[in-house]
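Student: I should like to learn how to read a few features of a protein model. May we examine one together?
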Amino acid sequence: MGIYKDSNDTVTTATTTTFANAYNETNEHSLKKVLKTRDLVIFGMVFMAPVSAQTLFGELTLTSQGHAVLSYLVGLIAMVFTASSYGKMAGAFPKAGSTYSYTSQAISPKVGFVAGWAILLDYLLIPMLLYKISAIFLMELFPALPLWLTLLFFLVPVTVSNYLGAHVSSRLNIIMTLFMLFSLVLFISFAIHHLIQTGGIGSIFSFQGIYNSSTFSFDALLAGTSLAVLSYLGFDAVTTMAEDSKVAGKTVGRAAILALLISSFFYILQVYFATIVVTDFTSFISQDTAFFEIAVTIGGMGLATICTLIIAVSGISTALAGQASASRILYSMGGDKLLPSLFARLHPKHKTPYCSILILAVVGYMGAILIPLSVLFQLIVFGALIGFLAVNLSVIIEFFGRRHERSLKHFIPNLLGPILGLFVCGYITIGISPLGKTIGLIWVFIGITFLFIMTKILKRDANFLDDM
């Protein structure tokens, strides 16, 4: 998927003393050299995964009523403004690198905790989402396999690797990205050939692939955009590298925006051709594997097999880092006594938070079996958008308010841009399904309740929030 957080292969034995550091540790990467803008752009693209549009297409085109391209364009607008805000905060707090710490510094630790709690939902759900997507696509090749068994093909190697302390290197991530780009180019080439064969060269250019007046509605576009945003999740990983590079926060923001634009080009290209190849978005046997069906139509089982295998393998590499990231958050929170000490236990030999990893494996497996993909999509987007809203608001308060940077040259980056980011992100949040918003709000309420217990009932206000 679009979200991919790299992590080191071991967790240090020293207890992490802040929730901010917990979040930062999940965003650590294996690169130790000085990074240039080019490196940051590649880093962001690796995390957003070029093939994520393929896994989302079926649900996206149905939800948007055939307007997947427009959904990506609207989502891009929100992400560009938000990426700029992340860049601003990375320049101001280069060692922070997280939604939680930015919001805590600019607004308050309590608001920061709620924002961090909301985005924690992503870390818990992303592995199970990737298990399920990869399993569903693999089952198209081997339909006799049941879901409960296919999930184990992905969950077991991910869990064992994290348990032993294996990690996915940046070089391997780039190789996987090249494979994903190969899959993308192959699909587009077959799609163009199919269109020319069936409708002539003029059929390659169809405005209906972007806008169809007979099915368009703002409500459908809004709902579709809330799904399209899933592909963009992970661009904020670029800002976490500010501490490890010599480029300024402004340059980090530019790198994030450039990664967004390049990735958007690939996303839009894929869904455009998928839309005009199969114009009836209700004709798929299964929305979960719509892209597989399109691949069979234009290139037979050979193309479908290649695309499916690349999606499945890329899902393993992404889930590997996703589970590792979530386990490190739980480990650090356990060390801070925000969770039971069980989560902070390290393996005596491998120095990994094995209890957290095993618990995540069980929860991920059960969630992948029981929770529908459409619900997982909505919940992950909800948590991320709450975090994006918090960062945009933080820029306004920190720069336009506290630092009084209100001159003409600061007006757009310090006020207008974040306001537009708030508006579009808020607009997308409203478009999330009632079920997604309800469960998401319940999760936030649990976090607020937890904060209330810690600060009011257990009287840990000063130490608890200061330590965060």
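Student: Leaving aside neighbours within four places in sequence, which residues is Phe273 in contact with?

Tutor: Contact means heavy atoms within 4.5 Å. Phe273 is in contact with Phe187, Ile188, Ala191, Ile192, Leu195 and Ile204, once its neighbours within four places in sequence are left aside. Please note that this is a predicted model, in which local features need pLDDT of at least 70 and side-chain atom pairs count only at pLDDT 80 or more, while totals for chains, interfaces and linings use all residues. Residues are numbered from 1 along each chain as its sequence is written, and side-chain values use heavy atoms, with hydrogens and water left out.

Student: How many residues does the largest nonpolar core have?

Tutor: In soluble globular proteins, nonpolar side chains tend to be buried together. A nonpolar core is a set of buried (under 20% relative accessible area, 1.4 Å probe, protein chains only) Ala, Val, Leu, Ile, Met, Phe, Trp, Tyr and Cys residues joined through side-chain atoms within 4.5 Å. Here the largest such core has 120 residues, and Phe273 is among those with the most contacts inside it. Helix 6 (residues 109-141; a DSSP run of H or I, at least four residues, numbered from the N terminus) supplies the largest share of this core, 18 residues.

Student: What is the phi of His404, and where is this residue found?

Tutor: Most residues other than glycine have a negative phi. His404 has a positive phi of about 55° and lies in the loop between helix 13 (373-402) and helix 14 (408-430). His404 counts as exposed (over 50%) because its relative accessibility is 53%.

Conventions:
Helix = DSSP H or I, 4+ residues; strand = E, 2+ residues; numbered from the N terminus.
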